[in-house]
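Open the model in your viewer and keep the selection panel at hand. This tour goes from stop to stop: select, look, move on.

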Amino acid sequence: MKSMNVTESTTNMMMEEGYAMKKPRTSCGVKFYFAFLMLLQLAIVAIVAAMTWQVLDIGTHVKKADNGQSGGQVGVPTPSVPPKADEVCLTPDCLRTAARLIEYMDPTIDPCDNFFEYACGGWLAKTEIPPDSGRFGTFNQLRDDLTANMRDVIEDTSLEKGEEVVEKARTLYRSCMDVGLLDDKKEKPLTDLITHLNGWPVVNDTWTEDNWDRLDTLTKLMRYSNSLLMSMYVTADDKDSNVYILAFDQADLGLSSRQYFLNPDLSFYRDGYLNYSIDIALKLRGDNDRATVVQQMTDMVDFETKLANITAPPSERRDPEALYHKMKLYNMSDYFEFPWVDYVNNAAYSLDETITGDEDILNYAPDFFMKLGPLLEETDNKTIANYIIWRMVQNRIGNLGTEFLEIREKFNRDIFGVEPSSRWETCVSVVNSVMGTVVSRLYLPKFFQEESKAKAVEMIDNIRIAFNELLDENYWMDDATRAVAEEKAAAMKQFIAYDDYIVNNITRLTEDYEMLHFDELEYFGNVLHNMEVSNNETFKYLRKPKERSLSLLANVQSCTRNLFSFCRWITHPTIVNAFYSPSRNSISFPAGILQGPFYDGTYPRYLNYGGIGAVIGHEITHGFDDSGRQFDKEGNLNEWWDPTVADKFKEAAQCVMDQYSMYQFEEAGGMNLSGVITSGENIADNGGMKQTFRAYRSWAAANGPEPTLPGLDLNQEQLLFLNYGQIWCSKYRYQSAVSQVLNGPHSPGRFRVIGTLSNTPGFSEAYKCPVGSKMNPRNKCAVW
Ligand SMILES: [Zn+2]
């Protein structure tokens with residue numbers, strides 16, 4: 001198995017929230033559950049999802065620029081004579097690319113007034129959000145294409161026919177696709193599970209408080225990776241990234257934002273959620289005792305509202321140092337009486353040893369636990385049981401037949417305005433979530449342009465050089481802090497495209513999934529089985545042998561053979577996203593994002609620098625954003641900043657927060673963005689843009705400019721910014737826009753373009769924007 005649900009602190013490139021009901025866990029950046037949890041999320045609301053986080057790695061150290069060993073193509077002349085600056089490229093590829101740029105843009109808009117509308121106006125006018133999406137953008141298009149290609153290779157049974165691990169993936173896929181069989185089984189798989197979990201009061205009239213064993217129910221749920229009332233997971237110790245540790249955190253909720261429960265202006269969501277639970281409970285009861293159901297589900301949602309109220313909002317959870325509380329497991333009893341040790345041991349039954357009260361743990365939310373005790377005390381067991389079983393039921397509806405899917409579809413339609421995805425999209429996403437590297441093995445040979453891996457390495461090298469140059473020019477850092485920052489940047493490991501073993505070593509791939517056994521006739525059971533296996537594998541991390549020093553990572557081959565190694569990738573290749581991991585100090589660019597419009601081997605370099613180059617710079621900068629900066633080169637939370645310099649950083653970051661807080665998001669009814677929640681991503685966007693622009697200029701200075709594109713009266717630098725603008729073309733349904741503002745660590749595409757470019761002097765120069773115009777304000781924010 002892959003390192004399934006070990007929770008990793010990771011910051012990603014894209015926005016993922018949409019109308020998902022389950023939010024990614026946030027503490028420093030975004031904490032992700034791994035493969036199986038993805039499956040769980042998919043099951044909750046048939047979301048586009050696309051978040052599969054496994055832990056993998058390749059680790060190549062990039063030498064710093066000034067040692068003359070890396071340098072990519074900076075200063076290295078291309079073999080052919082550089083074209084003249086005024087030359088226009090007329091190859092079929094250039095014509096096609098130019099056509100896309102022209103089609104998406106609206107040249108009637110003044111680029112100095114609103115560059116998002118200028119770059120995306122044509123796209124915005126022509127594009128309808130697909131019925132099954134809460135939002136749509138160039139990103140989503142790429143994801144849709146990826147999903148279709150994955151379907152192609154999963155359904156083409158001639159590929160790797162008979163290969164055990166591939167057949168496993170296809171078995172899971174077929175079990176998901178057979179909705180007719182799920183219809184025949186009706187509610188039985190779910191009711192069997194409910195019985196195993198000691199009943200659901202709202203459905204089982206025979207349920208009595210006296211017979212209910214809360215610990216047993218919570219533990220069994222935990223074994224199926226449902227961590228309810230509070231979160232418990234295994235994660236890298238922030239202050240000793242070499243060690244995995246048990247962590248306790250505040251509860252997550254059945255809707256993606258606590259605001260949906262607490263804000264009276266958003267009561268529409270809470271009401272819809274309540275009605276959904278009522279519809280499901282009535283369906284399972286099979287009678288019409290609506291009064292009973294309404295009463296119990298209302299009590300349940302009231303309880304969840306109180307639970308939401310004792311959680312901290314995302315804006316208060318951005319400082320990893322403030323969240324970090326190391327203690328012993330027995331210290332949890334100081335908060336409230338609960339069989340903590342038994343709970344942990346029952347959940348971690350796959351471990352060969354017993355965990356005692358002396359176990360080191362992290363508590364990310366002491367205030368929450370302080371308030372949880374009294375809340376549980378004042379709530380009757382029936383309501384608590386109704387709540388925790390509901391959350392499990394809610395997660396499993398997607399694994400049932402049409403009758404249940406239709407209830408969920410109604411909920412998603414009424415509340416989030418979206419229609420269901422095609423069944424095959426759902427099932428491809430499920431298989432990619434659970435067995436992403438196997439899907440990748442089929443996908444890569446057919447769809448991945450192999451040369452883009454080397455090209456990405458070249459660009460990363462150049463952007464790292466640019467980062468260092470910007471660091472040298474940075475006005476608020478002192479030399480001592482600057483030197484440590486340079487060391488951290490140099491130690492940053494990079495993972496590009498895919499881990500070679502996926503295509504080279506079928507034996508190892510087979511071993512990765514040897515614990516999984518799927519039955520074509522038991523989709524519901526397959527999902528439960530995967531969650532159980534994932535949970536068991538997770539706890540094994542607690543006794544993971546200590547490894548390394550980062551210097552060992554230079555030896556990629558020895559690294560990748562160790563199941564628990566730091567060198568394993570944190571993601572599989574078939575995903576359109578990019579990542580920075582603070583605890584590993586690594587950047588990852590999976591194969592899925594090394595495609596147009598981010599990257600294409602046929603693009604002139606200026607487009608690639610505006611696309612994937614900006615993504616690369618973004619991820620590097622995450623190592624130095626408000627949260628990432630607190631981790632050192634070894635991935636440990638460790639204050640390496642001089643306090644006066646740290647204050648200057650905060651001042652610069654505050655400028656960015658204030659800037660983005662002013663933005664009003666029309667599609668969300670004019671809500672203001674939260675400059676605090678989005679600060680890390682905004683800092684990364686701004687820094688990334690500056691780095692990639694600088695790296696491109698260095699390349700062009702050394703190699704001469706490439707030809708421009710036909711039909712566009714724009715120079716190379718203008719085209720770089722145009723492509724950047726177009727990777728963020730996007731539109732939202734109201735609900736999705738609201739969700740993005742409430743939870744999303746990323747600003748909406750519109751502001752990623754306007755916010756970033758209005759802070760980028762190179763942009764105003766390229767488009768000759770007058771000082772004081774909207775895209776060239778007198779006062780610009782600059783962190784990096
Ligand atoms: Zn990011």
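A crossing of two helices is right-handed if the near helix is turned clockwise from the far one by less than a right angle, and left-handed if anticlockwise. Keep that in mind for the opening stop. Note too that this is a predicted model.

**Stop: helices 8 and 13**

Select residues 214-223, helix 8, together with residues 340-347, helix 13. Their axes lie 8 Å apart and pack at an angle of about 35°. Now apply the definition: helix 8 passes helix 13 in a right-handed crossing.

Show side chains next. Helix 8 contributes Leu215, Leu218, Thr219, Met222 and Arg223 to the contact. From helix 13 come Asp342, Tyr343, Asn346 and Ala347. Colour these residues by type: five are nonpolar, two polar and two charged.

**Stop: helices 5 and 18**

Move to helix 5, residues 164-177, and add helix 18, residues 436-447. At what angle do their axes cross? The crossing is at roughly 105°, and the axes come within 10 Å. Angles of 65 to 115 degrees count as roughly perpendicular, so helix 5 is roughly perpendicular to helix 18.

Pick out Val165, Val166 and Ala169 on helix 5. Facing them in the contact are Val438, Val439 and Leu442 of helix 18. How do the residues of this contact divide into nonpolar, polar and charged? Six are nonpolar, with no polar and no charged residues.

**Stop: the four-stranded sheet**

Hide the helices and look for an open sheet of four strands. Trace the order 6-7-9-8; the pairing is mixed. Strand 6 (231-237) and strand 8 (326-328) are the edges, each pairing on one side only. Look along the sheet: neighbouring strands are turned by 40° against each other on average, direction ignored.

Zoom in on the strand 8 edge. Strand 8 runs antiparallel to strand 9, residues 360-363, and three bridges join the two. Select Lys326 of strand 8 and find its opposite in strand 9, Leu362.

**Stop: strand 10**

Finish at strand 10, residues 493-497. Is this strand enclosed or open? Five of its five residues are buried, so strand 10 is largely enclosed by the rest of the structure.

Add strand 12, residues 586-590. Strands 10 and 12 run parallel, joined by five bridges. For a landmark on this pair, label Ile496; Phe589 in strand 12 stands opposite.

How values were computed:
Residues are numbered from 1 along each chain as its sequence is written. This is a predicted model: local features need pLDDT of at least 70, side-chain atom pairs count only at pLDDT 80 or more; totals for chains, interfaces and linings use all residues. Axes are lines fitted to C-alpha atoms, for helices over the stretch in contact, and angles run from 0 to 180 degrees between N-to-C directions. Angles under 35 degrees count as roughly parallel, over 145 as roughly antiparallel, 65 to 115 as roughly perpendicular and the rest as oblique. Two residues are in contact if their C-beta atoms, placed from the backbone, lie within 7 Å. Ala, Val, Leu, Ile, Met, Phe, Trp, Tyr, Cys and Pro count as nonpolar, Asp, Glu, Lys and Arg as charged, and the others, Gly among them, as polar. A residue is buried if 20 or more other C-beta atoms lie within 10 Å of its own, exposed if 12 or fewer, and partly exposed in between; C-beta atoms are placed from the backbone. Two strands pair if DSSP finds at least two bridges between them.
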